[in-house]
Amino acid sequence: MTETVLPCGPEAAGQARRLVAQACTAAALPPDACDSALLCTSELVTNAIVHGRSDVRLWIRTDSGWLRIEVGDDNSRHPQLQPADDGALDGRGLFIVDLLTTRWGVRDDSIGKVVWFELRADPVTG
């Protein structure tokens with residue numbers, strides 16, 4: 001498991017994507033699963049920066065074809081899945097996470113909350 005704290009700033013999403021990409025490679029996950037994980041990680045980290053206004057806590061775990069990403073911030077307000085609105089300029093992040101992941105959720109943390117997702121992705125062999 002990888003655990004890190006990222007700064008509250010625009011560089012955090014890129015740093016998180018690099019760490020998730022390394023975990024995907026190490027776990028030999030297929031490219032489509034890695035692409036989904038990178039996009040969803042970027043969405044959650046960006047939400048944590050915009051709404052949490054704090055450093056971002058990131059946990060990455062791979063295990064037997066599962067990838068689990070957790071993103072924590074200091075804001076205890078839980079995000080809500082919004083219906084897709086083609087005219088909206090924002091508000092699609094959780095819709096994307098819901099669409100691309102096996103499951104996702106939110107839990108309270110000692111400071112703020114943690115939004116997580118899991119992807120089922122059998123490793124590439126051969």
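**Notes on a five-stranded sheet and its helices**

1. A good place to start looking is Gly72, which sits opposite Val114 of β5. Keep in mind that this is a predicted model. The strands β3 and β5 are joined by eight bridges and run antiparallel.

2. Now zoom out to the whole sheet. Five strands make an open sheet, ordered β1-β2-β3-β5-β4, and the pairing is antiparallel. At the edges you'll find β1 (2–6) and β4 (103–108); each has a single partner strand, so one side of each has no neighbour in the sheet. On average, neighbouring strands are turned by 15 degrees against each other, ignoring direction.

3. Next, the helices on the sheet. α1 lies across β1, β2 and β3, and runs at about 15 degrees to β2. α2 packs on the sheet too, where it touches β2, β3 and β5. The direction of α2 makes about 175 degrees with that of β5.

4. Does the length of α2 add up, and what should it be? Helix α2 covers residues 31–52, and its 22 residues should span 32 Å at 1.5 Å a residue; the end C-alpha atoms are 30 Å apart, so the two agree.

5. Which residues of α2 are buried? They are Ala33, Cys34, Ser36, Ala37, Cys40, Thr41, Ser42, Leu44, Val45, Ala48, Ile49 and Gly52. In an α-helix there are 3.6 residues a turn, so residues three or four places apart point the same way. The buried residues of α2 pack against β2 (56–63), β3 (66–73) and β5 (113–120), and also against the helices α1 (11–26) and α3 (93–100).

6. One last detail: just after α2 comes Arg53, with a positive phi of about 50 degrees.

How values were computed
Residues numbered from 1 in each chain as written. Predicted model: local features only at pLDDT ≥ 70, side-chain atom pairs only at ≥ 80, totals over all residues. Heavy atoms only, no water. Helix = DSSP H or I, 4+ residues; strand = E, 2+ residues; numbered from the N terminus. Expected span 1.5 Å × (residues − 1). Buried < 20%, exposed > 50% of the residue type's maximum accessible area, 1.4 Å probe, protein only. Contact = heavy atoms within 4.5 Å. Pairing = 2+ DSSP bridges. Axes fitted to C-alpha atoms, helices over the stretch in contact; angles between N-to-C directions.
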